[in-house]
Amino acid sequence: MSIETTLIQELESKLKDWKPGVSERSVGTVERIADGIARISGLPEAKAGELLHIETPEGPVPAMILNLEESMIGAVTLGAFEHIKAGQTVLGTGEVATVPVGAALIGRVVNALGVPIDGKGAVKTDERFPLERVAPGVITRQAVSQPLQTGITAIDAMIPIGRGQRELIIGDRGTGKTAVAVDTMIAQKDTGVTCIYVAIGQKASKIARLRAQLEKYGALSNTIIVVASASDPAPMQYLAPYAGAAIGEWFMQNGKDALIIYDDLSKHAASYREISLLLRRPPGREAYPGDVFYLHSRLLERSARVNKANGGGSLTALPIIETQAGDISAYIPTNVISITDGQIFLETDLFYQGVRPAINTGLSVSRVGGAAQIKAMKKVAGQMRLELAQYRELAAFAQFGSDLDEATQAQIERGKRLTELLKQPQYAPIPVAEQVVLLYAGTRGFLAPVQPQHIQECATCLREQFNLKHTDLLKEISESGQISDETDAILQKELSDMIKDFRPANA
């Protein structure tokens, strides 16, 4: 065999499995860039959602493909786009956008790509989940039956939330929507539920205050904050909720319970509308693109309680939607209402009347209902929603005349006391056993001798007395979830004695 033949054979064997580092089919060119939206030519094998690297003199800028057209690609940039210019090279990665996941994220503040922004160094985890994932199917889910206590008496009594549920918090600006979410996070600090707070389009100062409050009340140690603030570009605000959902899914798949709060999806829809209009997608109703329903449905469907074969954990979602002048029949509110398992409606009029949390019990509903309530709570709060609805109707009617029969007057007085009992200050979630005691006192008529203006003081006094004298009783209610005949008898005697001895401070 000649030397020439041997050399050819060796070269052929070495070149047989060789592949170029960058294929010409994964290289494109920036044709134009405006408002963070790049129009790119080339990349014939590009896929929707694929990550790209745009080569600039200051280093590569990540981008994500959202539009695939016949001769052009529309991509949103995920970094500083000021250095991107027409003619620069674009490299396809063949990968979709991912985010780091795992327990290492707990207590951290990250951006929409999972990069830490709290100055505490890198997140030490090797696991990554894609931002977009298919929601668990019907067969992989199990029924929502385990309660997620919010610590807010009005919600836990009348609009119970179960682990794996999607419950919408809806209302006008400044009615306490975020306050409800924060109190719920504080209530989870000793329950083993990991909280994920996704801030979309919020002011950075508001997010900093929220983080400080969580730290103050000991809830930051089991919370992850995902931030896409008002100063971040629209693509980051668009991706943030999906990043939060991916982080939450890790807990769900590892047999743990997680709670995710999207604050708020109105701004999320607005950021998507901005991106879509810049990508020249056809605008529909209120200039939103036609797939804006799918934007939120594919996000919220990822919340579930899965069976043991699929991890056995749960991801509970509390999306927040801001309404204009209480209009829950607007486009985005009706979309999200139809996706979720119920809504907590916060009313402006109630808020300014001093009823806080300002929950409208007539428009609020939980489609999981009693399945996500302990039996003790069902027993004491079963008729309360109806009583409050009747009270509101009678109170409105009573404004037009004072000639009311005794039964109607008694019902109004009872409604006043129940309304006062459900008022609750912020950052003060109440354990479920104490809620049961207070509601037992309210619904069984023990608070009738107390004037409405003293109900809050009386409730605080009752909680203190039971924590001092009957910790075993509270523990039994909390652990068993029931009120036994013996507990019932103790409650009746103790509440009668305590309320008889109650003297208001300013009486």
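Trainee: Which tyrosines do ring pairs link into a cluster?

Mentor: Y238, Y242 and Y272 are the ones linked that way. Keep in mind as we go that this is a predicted model.

Trainee: Okay, noted. How many aromatic pairs does the count come to?

Mentor: The count comes to seven aromatic pairs. One of them is F351 with Y352, which is edge-to-face because the ring centres sit 5.4 Å apart with the planes at 90 degrees.

Trainee: Why do you give me both a distance and an angle there?

Mentor: A pair of aromatic rings is described by both, the distance of the centres and the angle of the planes.

Trainee: And F351, buried or exposed?

Mentor: F351 is buried, because its relative accessibility is 16% and the cut-off for buried is under 20%. Its partner Y352 has a relative accessible area of 62%, so Y352 is exposed.

Trainee: Switching to charges over rings. What lies over the face of F129?

Mentor: That's R133, at 4.3 Å from the ring centre of F129. You can also look at Y288, where R273 lies over the ring face at 4.2 Å from the centre.

Trainee: Let's do the sheet. What's the strand order in the eight-stranded open sheet?

Mentor: Going across, the order is 8-12-11-13-14-10-15-16, and the pairing is mixed. At the edges you have strand 8 (109-111) and strand 16 (365-366), each pairing on one side only.

Trainee: What holds strands together in a sheet, in general?

Mentor: Backbone hydrogen bonds, with the strands running either parallel or antiparallel.

Trainee: In what sense do strand 10 and strand 14 pair?

Mentor: Parallel, over four bridges, with strand 10 covering residues 168-172 and strand 14 covering residues 314-323. If you want a spot to click on, D172 has T323 in strand 14 as its bridge partner.

Trainee: Now backbone oddities. Which residue does a cis peptide bond join to D263?

Mentor: D264, with omega at about -5 degrees. D264 lies in the loop between strand 13 (257-263) and helix 6 (265-278). Another cis peptide bond joins R356 and P357, with omega at about 0 degrees. You'll find P357 in the loop between helix 9 (348-352) and strand 16.

Trainee: What about phi? What value does D35 have?

Mentor: D35 has a positive phi of about 55 degrees, although it is not a glycine. D35 lies in the loop between strand 1 (27-34) and strand 2 (37-42). With a relative accessible area of 55%, D35 is exposed.

Trainee: And E286, where does that one lie?

Mentor: E286 is in the loop between helix 6 and helix 7 (292-300). E286 is not a glycine either, and has a positive phi of about 55 degrees. Its relative accessible area is 43%, so E286 is partly exposed.

Trainee: I'm thinking about cysteines now. How many disulfides does the count come to?

Mentor: Zero disulfides. Take C458: the nearest cysteine sulfur belongs to C461, 6.4 Å away, while a disulfide needs the sulfurs within 2.5 Å. C461 is in no disulfide either, with the sulfur of C458 as its nearest.

Trainee: How accessible is C458, then?

Mentor: C458 counts as buried, because its relative accessibility is 1%. For C461 the figure is 26%, so C461 counts as partly exposed.

Trainee: Last big thing, pockets. What volume does the largest pocket have?

Mentor: About 800 Å³. It is lined by 32 residues, and the closest to its centre are G176, K177, T178, A179 and K206.

Trainee: Which elements give two or more residues to that lining?

Mentor: Helix 3 (177-187), helix 4 (204-216) and strand 14. Helix 3 gives the most, with six residues. Strand 14 is also the one we saw pairing with strand 10.

Trainee: One more: where does I106 lie?

Mentor: I106 is in the loop between strand 7 (98-100) and strand 8. At 25% relative accessibility, I106 counts as partly exposed.

Trainee: And what separates the C-alpha atoms of I106 and R385?

Mentor: They are separated by 37 Å, with the two residues 279 apart along the chain.

How values were computed: Residues numbered from 1 in each chain as written. Predicted model: local features only at pLDDT ≥ 70, side-chain atom pairs only at ≥ 80, totals over all residues. Heavy atoms only, no water. Pairing = 2+ DSSP bridges. Phe/Tyr/Trp six-rings, centres within 6.5 Å; stacked < 30°, edge-to-face > 60°. Buried < 20%, exposed > 50% of the residue type's maximum accessible area, 1.4 Å probe, protein only. Lys NZ or Arg CZ within 6 Å of the ring centre and 35° of its normal. 1 Å grid on protein atoms, 1.4 Å probe; cavity = no way out; pocket = protein on both sides within 12 Å on 5 of 7 lines; lining within 4 Å. Points joined across faces, edges and corners; volume = space filled by probe spheres on them.
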